[in-house]
Amino acid sequence: MNITQLRALVAVADAGSFTAAAEAVGVTQSGMSQALAALEEALGVKLLVRQRHGVELTAFGERALVHARAALDHLEAIRQEARQATGAEAGSLRIAAFPSVFATVLPSLLRRFRSLHPGIEVVLLETDDREVETWLSTGAVDLGVVLNPSAESDVVPIGEDAWVGVLPSGHRLARRSTLSLAELVAEPFVLATGGCHVHAGTLAKAAGLSLGDIRMEVRDWTSAVALVREGVGVGIVPESTLPEKRKGLRIAKIDPPLYRRFGLVAALGRKPSCAASLFLEMAINASSMFGRNTVGHP
């Protein structure tokens, strides 16, 4: 039994369902379920009963909830007093990331941080992924989200996103739900970069392939999808950037699958500020409790 499992119990009790609790905390539903299953296994007692319209606590679950709330209240009281002593609740935090991250991975973390630390001003800076790394190396920002980070101990994984093929609904390959990278890059192509150095062109190059017929090159993922819808060509985009309304489009999984991954990194060459340490601690807790957060439309 640990603090993160107690947090999961309180979240589900307050929200009434795994889905609502996961959304409120900013984690995956499966992660929430796993945390509570681990707590029940550790205690050897059933805490929750699934109902048609949500979940309900068992009699023991109600008693455990009282203790869980008290434990979390005491923990927060300790943290508040420590922050007051160190002045951590003042100051600002500068976070840099590339565009699609602000629309997918970061919002839940930012909401949670602002709720926990309303006295800290968060400044968000949007740029391309290469400049994020430059700003981190020069100390121009406190934290940055890097693309496809190496397996370093000082990188906090915060998400991953699958690459998918996008085709006009009338395309000859549109009836297939799975396509290879080679099949996609061989077609007339709409290339989008999304402000990142990793895109369809670099994916193809890494696989020993090339884009032989680029009909249009754009920066914005949304623009690329719109051009595909109009029949200019096919494209490869991160799944999280797909529009909710997909009339005129067909989406194909890539086989074997390809992913882009996101990691949170502190500025190099100096000790993280109090605000940066608090944000990293929150991100680490979310990662360890619920596993890697996968972004993308359902």
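**View 1. The largest pocket of this predicted model**. The largest pocket has a volume of about 700 Å³. A pocket is an open set of points on a 1 Å grid over the protein atoms alone, where a 1.4 Å probe fits, with protein on both sides within 12 Å along at least five of seven lines. The volume is the space filled by probe spheres set on the points. Residues are numbered from 1 along each chain, and side-chain values use heavy atoms, without hydrogens or water. In this predicted model, local features need pLDDT of at least 70 and side-chain atom pairs 80 or more, while totals for chains, interfaces and linings use all residues.

**View 2. The lining of the largest pocket**. The lining has 33 residues, each with an atom within 4 Å of a point. Nearest the centre lie Arg7, Val25, Arg79, Arg112 and Leu116. Helix H4 (59-86; helices are DSSP runs of H or I, at least four residues, numbered from the N terminus) gives the most, eight residues.

**View 3. Helix H1**. H1 covers residues 3-15 and reaches 18 Å from its first C-alpha to its last. Its buried residues (under 20% relative accessible area, 1.4 Å probe, protein chains only) include Leu6, Leu9 and Val12. Just after H1, Gly16 takes a positive phi of about 85°.

**View 4. The largest nonpolar core**. This core has 60 residues. A nonpolar core is a set of buried Ala, Val, Leu, Ile, Met, Phe, Trp, Tyr and Cys residues joined through side-chain atoms within 4.5 Å. Helix H11 (274-290) gives the most, seven residues. A second, separate core of 22 residues includes Ala8 and Leu9.

Definitions and conventions
Buried < 20%, exposed > 50% of the residue type's maximum accessible area, 1.4 Å probe, protein only. Helix = DSSP H or I, 4+ residues; strand = E, 2+ residues; numbered from the N terminus. Expected span 1.5 Å × (residues − 1).
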